[in-house]
Amino acid sequence: MIEIKDLEFSYGKRKVLNGVSLKISDGAVFGMLGPNGSGKTTLFRILSTLLAPEKGSATWLGHDLFREASAVRETLGIVFQYPSLDAQLTVEENLKCQGALYGLRGADLTGRIEARLKKLGVWDRRKDKVKNLSGGLKRRVELAKALLHDPQVLLLDEPSTGLDPRARAEFWDFLSELNRDKKMTMLVTTHLMEEAEKCSQLVILDEGRIIAEGSPAALKSDLSPGFISIETSDAAEIGAEITSHFGVRAEKTGRGLRVEHAEPQKVMTEIMARFSGRVESVAFHKASLEDVFLKKTGRSFESAEEVKHVKK
C-alpha cells in the first residue's frame, strides 16, 4: 500500500500541488490524469524521490518516502517521459550500465538482460545502437531497463509520448500483461483519455488539486448515460435557447456546446429540428472521462490544455 497525505509543492510563488492525498492499492494500475500544468509531473517527481515536498507525508511499502528515499528507490522502476537511454550505446550496453547501478553483475545480469529483452521483443536488436531504433522500440528498451532489478512498483510518466497509435497499443499490451502476470503496482501520469481508461484506479488533477477519484467506470457512472455534442459558431445564442426551451444547461466546449440530459437521444432529434441550418453537426456520445473533467471544472479538457500552453 502506498499512501500520500496533504502534499504541497511550489515553484517560487506558483503552487503546483495543493493538499494532494491518495491511496494506491497493491497491484493497482493507478492513473494520474490531468491537462498539462495540472501538477501530475511534479507529483511524479516527488513519488520518484527526485523532489521533496514543502508539506505532507508519504508511506511507501512500509517506508517513509522522504526519510528513507534510498530504500524506496530499490523498490522502484521508472520510465521517464523523455528518453533516458544513451543513444550512442547499444541496447545491451544501456542495460549493463543500469544493472551496474543496482549491483547486478556476471551471469545474473546477463540472464536478466536476455529475459527482459526477449519478453519485450527486442532481443534481436541488442547489438544495435539506440539511435538506430524506432520510437516504439526505444520505449520497449526503456521498459526493459526499468524492470531489470525486479521492482515492486513501476512509475511511468506520459509513457506514450512520441508513439504512433500502433506502438502505443503494443506498449500498453506489455504493461497489461506485466500487471496481470506479476501483480506489479503501476503509477501512470497521462493527459490521454484512452490511457486513463486502462487504469484500475484513477485521480484527475487540475491546478494542483485532485478533483475526482475512483475507477474510470465509477467516475462516469455519476453522469448521465450520454451527452449531445453540438458544433456551431453561434454557441452563445443557441446555448441560451437550449437552456430556455429544454431547461438544461448547455456548456461551451472548444468546438461548440455540450448538453447533458436524462434522455439525450430524444432531445437530440428535437435540437436538430429546431436549429436546422444554425449548427454544423449534432452527435450523441456516451459519458467519458472528458465529461467528468468538464462536469467538475466547468471547462473542457482541451481548453484547459490550451490555457496552460498560453501561460507558459
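Helices, in runs of at least four residues, and strands, in runs of at least two, are taken from DSSP and numbered from the N terminus. With that numbering in hand, T49 can be placed in this predicted model: T49 lies in the loop between helix 1 (40-47) and strand 4 (55-60). Its phi is near 70 degrees, a positive value in a residue other than glycine. Most residues other than glycine have a negative phi. T49 has a relative accessible area of 13% and is therefore buried, the cut-off being under 20%.

E158 offers another example of a positive phi in a residue that is not a glycine, here about 45 degrees. This residue sits in the loop between strand 7 (153-157) and helix 6 (165-182), and with a relative accessible area of 4% E158 is buried.

A further loop residue, T90, is found between strand 6 (76-79) and helix 3 (91-101). T90 counts as buried because its relative accessibility is 13%. Beyond its neighbours within four places in sequence, T90 makes contact with R126, K127, D128, K129 and V130.

Turning to the strands, four of them form an open sheet in the order 2-1-4-5, with antiparallel pairing. Strand 2 (14-24) and strand 5 (63-64) each have a single partner strand and stand at the edges, so one side of each lacks a neighbour in the sheet. Strand 1 (residues 2-11) runs antiparallel to strand 2, and eight bridges join the two. Y11 faces R14 of strand 2 across this pairing.

At the level of the whole chain, the domain assignment gives domain 1 (2-218) and domain 2 (224-286). The centres of these domains, taken over C-alpha atoms, are separated by 40 Å.

Definitions and conventions: Residues are numbered from 1 along each chain as its sequence is written. This is a predicted model: local features need pLDDT of at least 70, side-chain atom pairs count only at pLDDT 80 or more; totals for chains, interfaces and linings use all residues. Side-chain values use heavy atoms; hydrogens and water are left out. Two strands pair if DSSP finds at least two bridges between them. Domain bounds come from an automatic or database domain assignment. Buried means under 20% relative accessible area, exposed over 50%, partly exposed in between (1.4 Å probe, protein chains only). Contact means heavy atoms within 4.5 Å.
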